[in-house]
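These are my notebook entries on what I looked up in this structure. They take up helix packing, one helix by itself, and the cysteines.

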Amino acid sequence: MFDRVESEFVTFFNVTCGICIILMLTVILISTSRRRNVSENVPDNVVLLYQVGRGPYAPSSSPFPLKLETFLRMYKIPYMNDHSGKFSSKGKTPWIKYNGVSVADSEFCIEFLKRKRNIDKEKISPFLKATGRALQKLTEENLYWTMCYSMFVENQDMIATVMPQYRGWRLKLLVIILSRVLRLEMWGHGIGRHSTNDIWHIGKEDICALSNYLGERMFFLGDEPHEVDCALFGMLAQIIYHMPNSPHEKLIKEKHNNLSSYCKRMKDLYWPDWNERCYNVLTPKDDMGKIYFNY
Amino acid sequence: MDLCLLLGIGVLAVVGFLIKKYLNKSVIKADYPKDTVIVHQLGSGPYCPSISPFVIKLETYLRMNKIPYKNVYDRVMSSKGKTPWIQYNDDVIPDSHFIIGYLKNKFNIKINDKLTPEQKAVGASFTHLVEDHLYWGLLLWRAVYDKNKTIFRMVGLNSIILWIFERKARSVCHAQGQGRHTRTETIQLIEDDLRFISDFIGNKKYFLGDNPTETDCAIFGQLCQFVWQTPDSPMETSIREKYTNLIDYCERIKSRYWPDWDELITRGNNNNKK
């Protein structure tokens with residue numbers, strides 16, 4: 001009889017905890033999605049870029065929105081931001097809408113816009129273009145996961161750095177959810193099966209490879225920036241601005257400073273308003289609804 | 001009655017798990033020859049010595065550097081739940097990337113020594129392109145988008161196993177990211193990667209020049225799957241029509257390091273399967 005009472009109590013406790021977690025998640029989702037969205041006010045031929053909002057020390061706390069927005073600026077494509085945090089049909093962000101057509105995934109967005117806007121094929125050889133592609137995949141499909149591990153699994157205090165708007169119980173809940181989701185994703189990818197030291201070893205090799213390839217060049221494929229620089233800058237900027245004192249950041253500062261110089265070059269070229277597009281600096285400005293390059 | 005059935009299934013599952021764990025332990029302790037790399041892998045493929053690109057990569061590396069090795073087709077997974085993995089005397093190493101790092105040190109291999117840091121960076125980048133991007137396209141094609149599941153049927157997997165495997169592949173690929181794209185988008189991504197690889201190889205003999213390097217093992221491991229082991233696929237058609245230098249490249253490596261290739265494939269005849 002006592003076993004039955006105890007098991008019913010345990011069931012009651014588990015269900016209550018489950019309901020509390022669901023309620024807390026709902027509160028978080030509602031409070032973070034209260035931002036107004038601008039989708040009903042987008043003119044024709046203006047890209048509506050959906051992203052999750054500005055980062056504290058870089059215009060985004062994720063490499064992919066920064067990559068996509070840098071691409072839009074590189075080719076002066078008229079665009080407007082929607083920071084409401086709405087996710088794409090594939091459950092990710094960033095994504096775009098252009099003349100009523102939705103496109104998910106930053107790479108597909110870039111391919112789509114190149115076709116729609118008749119952006120001339122870059123004047124580089126197929127050989128060099130292929131090299132750029134490989135560098136991009138090293139960064140986005142491999143280095144990226146080592147950064148996620150460092151930020152969200154190994155040293156969870158760093159989440160507060162990139163998301164200072166979360167404090168107290170909301171931060172604790174976010175840390176629990178993010179680290180569990182990322183562990184699952186990294187396990188599926190394969191990299192999550194390695195030890196902490198092995199994951200860092202992989203990340204270190206990737207950073208060394210990028211630095212060795214860049215060498216003394218101005219940009220990765222030569223003296224002029226190319227599309228692939230958007231992807232590489234998007235990723236490296238996260239290390240430099242949003243991963244202070246991480247092994248990645250220390251390695252770049254101490255041994256591969258050419259990557260820091262490269263990021264500064266890209267930042268000066270395409271983000272003269274950088275300080276206004278970060279929310280943890282002196283002069284943040286909300287650019288929801290502002291149209292860039294609307295000539 | 002239902003509770004007894006559930007309990008019975010639970011007990012069987014636990015017993016099966018314990019037996020597997022015991023067998024895995026006995027695999028590691030088996031009496032293997034000394035100073036020989038023991039490669040634990042799944043088994044022969046129908047048109048390539050393995051359906052796993054990582055096995056082909058590892059074996060090509062062993063052959064390229066003339067490291068004595070022996071294959072064990074035990075289908076036992078590593079401590080990280082994957083294959084291939086190796087034993088060398090008392091050392092057990094999972095994951096082809098770390099295995100190659102281990103072998104480089106153990107056997108003092110200098111095959112990459114003449115490369116510049118920039119060439120090594122390019123080699124590493126393309127290795128990641130094929131292993132962390134193209135590979136997922138291969139998995140999605142074989143497990144999800146190929147309606148006939150040709151290659152998996154040819155290695156003897158039945159419909160129930162294939163159904164389970166498809167579900168698992170969808171889940172893993174969704175977590176990785178590429179599984180969120182449509183069939184058309186996945187095929188486009190594969191085609192793009194093959195085009196970039198073809199453009200980079202051009203007329204070169206090997207990936208980074210006139211001499212083979214470690215990168216060739218990884219690239220060949222993945223490419224041979226598309227050249228010979230994705231029958232009736234859009235990618236196979238693209239390679240034969242547009243990227244014929246990939247066929248030449250694979251044939252070159254196969255002739256140099258795999259003279260016994262035809263003896264190691266089953267052609268779908270499971271009696272020849274190891």
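Entry 1, contacts of two helices in chain A. I listed the contacts (heavy atoms within 4.5 Å) between α2(A) and α8(A). From α2(A), A:Pro63, A:Phe64, A:Leu66, A:Lys67, A:Thr70, A:Phe71 and A:Met74 take part, and they meet A:Glu227, A:Cys230, A:Ala231, A:Phe233, A:Gly234, A:Met235, A:Ala237 and A:Gln238 of α8(A). Helices here are DSSP runs of H or I with at least four residues, strands are runs of E with at least two, and both are numbered from the N terminus.

I note that this is a predicted model, in which local features need pLDDT of at least 70 and side-chain atom pairs count only at pLDDT 80 or more, while totals for chains, interfaces and linings use all residues. Residues are numbered from 1 along each chain as its sequence is written, chains are lettered from A and ligands numbered from 1 in the order in which they are written, and side-chain values use heavy atoms, leaving out hydrogens and water.

Entry 2, geometry of that pair. Helix α2 (residues 63-74) and helix α8 (residues 227-242) of chain A have axes that come within 8 Å and cross at roughly 140°. Therefore α2(A) is oblique to α8(A); angles under 35 degrees count as roughly parallel, over 145 as roughly antiparallel, 65 to 115 as roughly perpendicular and the rest as oblique. Axes are lines fitted to C-alpha atoms over the stretch in contact, with angles from 0 to 180 degrees between N-to-C directions.

Entry 3, a pair in chain B. The axes of α7 (residues 183-201) and α9 (residues 234-241) of chain B come within 10 Å and cross at roughly 25°. That angle makes α7(B) roughly parallel to α9(B). I found B:Ile187, B:Ile190, B:Glu191 and B:Leu194 of α7(B) meeting B:Pro234, B:Met235, B:Ser238 and B:Ile239 of α9(B).

Entry 4, helix α6 of chain A. This helix covers residues 168-189, 22 residues in total, and reaches 31 Å from first to last C-alpha, close to the expected 32 Å (1.5 Å times one less than its number of residues). After α6(A) comes A:Gly190, with a positive phi near 120°.

Entry 5, cysteines. How many disulfides does the whole structure hold? My search found 0 over all chains; the criterion is a pair of cysteine sulfur atoms within 2.5 Å. The sulfur of A:Cys230 is too far for a bond, because the closest cysteine sulfur, in A:Cys263, is 12 Å away. For B:Cys173, the closest cysteine sulfur is in A:Cys148, at 18 Å, also too far for a bond. A:Cys230 is buried, at 0% relative accessibility (buried is under 20% relative accessible area, exposed over 50%, partly exposed in between, with a 1.4 Å probe and protein chains only). B:Cys173 is buried, at 0%.
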